[in-house]
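This report covers one protein chain. It starts at the end of a helix and works outward to the whole fold.

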Amino acid sequence: MSTRSDRDWMYKRLDHGYLSTTYHASVKGFLDVAFSNEATVDGDYIRCPCFKCKNMYYKTRGDVELHLLQNGFTPNYTTWWAHGERNTISQHEEESSNPMQDPMEDDDDDVNGCTQMLMDVMEELSNPTAK
């Protein structure tokens with residue numbers, strides 16, 4: 001599991017409609033790697049790379065495992081940039097070097113500016129005097 005070329009398991013969650021035992025074991029291996037990297041662990045939390053969270057939310061080991069088993073990985077996450085892995089040709093190289101950068105910034109799935117709108121509302125709520 002140490003090389004990027006053998007990560008096809010990440011997108012083979014189901015086997016004939018059932019959770020793949022290889023996938024489940026590999027998810028546990030991923031979690032071992034992710035939680036061994038102190039630079040990307042925040043207390044007991046890491047970014048959740050599941051299809052729904054898309055590395056935007058921090059979750060506990062148990063929650064990340066459950067999310068990955070239920071939802072699978074976010075598409076094209078074969079370089080684990082949010083979990084400390086670096087790749088010179090990665091599209092996420094800038095994000096991995098700047099942990100405060102918004103992972104949604106380059107998201108092409110933004111429907112009618114909803115992401116920016118939500119971020120604006122969150123900023124207003126966290127700083128009510130700034131208007």
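In this predicted model, Gly72 follows directly after helix H2 and has a positive phi of about 80°. Helix H2 itself spans residues 61-71. Its buried residues are Val64, Glu65, His67, Leu68, Leu69 and Asn71. These buried residues pack against helix H1 and against three strands: E2 (18-19), E3 (45-47) and E4 (58-60).

**The H1-H2 contact**

Helix H1 covers residues 21-36. The axes of H1 and H2 lie 10 Å apart and make an angle of about 145°, and the crossing of the two helices is right-handed. On the H1 side the contact is made by Tyr23, His24, Val27, Lys28, Phe30, Leu31, Asp32 and Phe35. On the H2 side the residues are Arg61, Val64, Glu65, Leu68 and Leu69. By class, the residues of this contact comprise eight nonpolar, one polar and four charged. Val64, Glu65, Leu68 and Leu69 thus appear both in the contact with H1 and among the buried residues of H2.

**Cysteines**

How many disulfides does a search of the whole structure find? The search finds zero. A disulfide requires two cysteine sulfur atoms within 2.5 Å. For Cys48, the closest cysteine sulfur belongs to Cys50 and is 3.7 Å away, so the pair is too far apart for a bond. Cys53 is likewise in no disulfide, and its nearest cysteine sulfur, also that of Cys50, is at 3.7 Å. Cys48 is buried, with a relative accessible area of 0%. Cys53 also counts as buried, at 6% relative accessibility.

| Cysteine | Nearest cysteine sulfur | Relative accessible area |
|---|---|---|
| Cys48 | Cys50, 3.7 Å | 0% |
| Cys53 | Cys50, 3.7 Å | 6% |

**The whole chain**

The secondary structure consists of four helices and four strands. What order do the elements of the protein follow from the N terminus on? They run β-β-α-β-β-α-α-α. Of the 131 residues in the protein, 32% are buried. Among contacts with a separation of 6 or more, 48% join residues 24 or more positions apart. The protein exposes about 8,800 Å², and carbon and sulfur atoms supply 51% of this area.

Methods
Residues numbered from 1 in each chain as written. Predicted model: local features only at pLDDT ≥ 70, side-chain atom pairs only at ≥ 80, totals over all residues. Heavy atoms only, no water. Axes fitted to C-alpha atoms, helices over the stretch in contact; angles between N-to-C directions. Left-handed = near helix turned anticlockwise from the far one by under 90°. Contact = heavy atoms within 4.5 Å. Nonpolar A, V, L, I, M, F, W, Y, C, P; charged D, E, K, R; others polar. Buried < 20%, exposed > 50% of the residue type's maximum accessible area, 1.4 Å probe, protein only. Areas by Shrake-Rupley, 256 points an atom, 1.4 Å probe, with all protein chains shown as cover.
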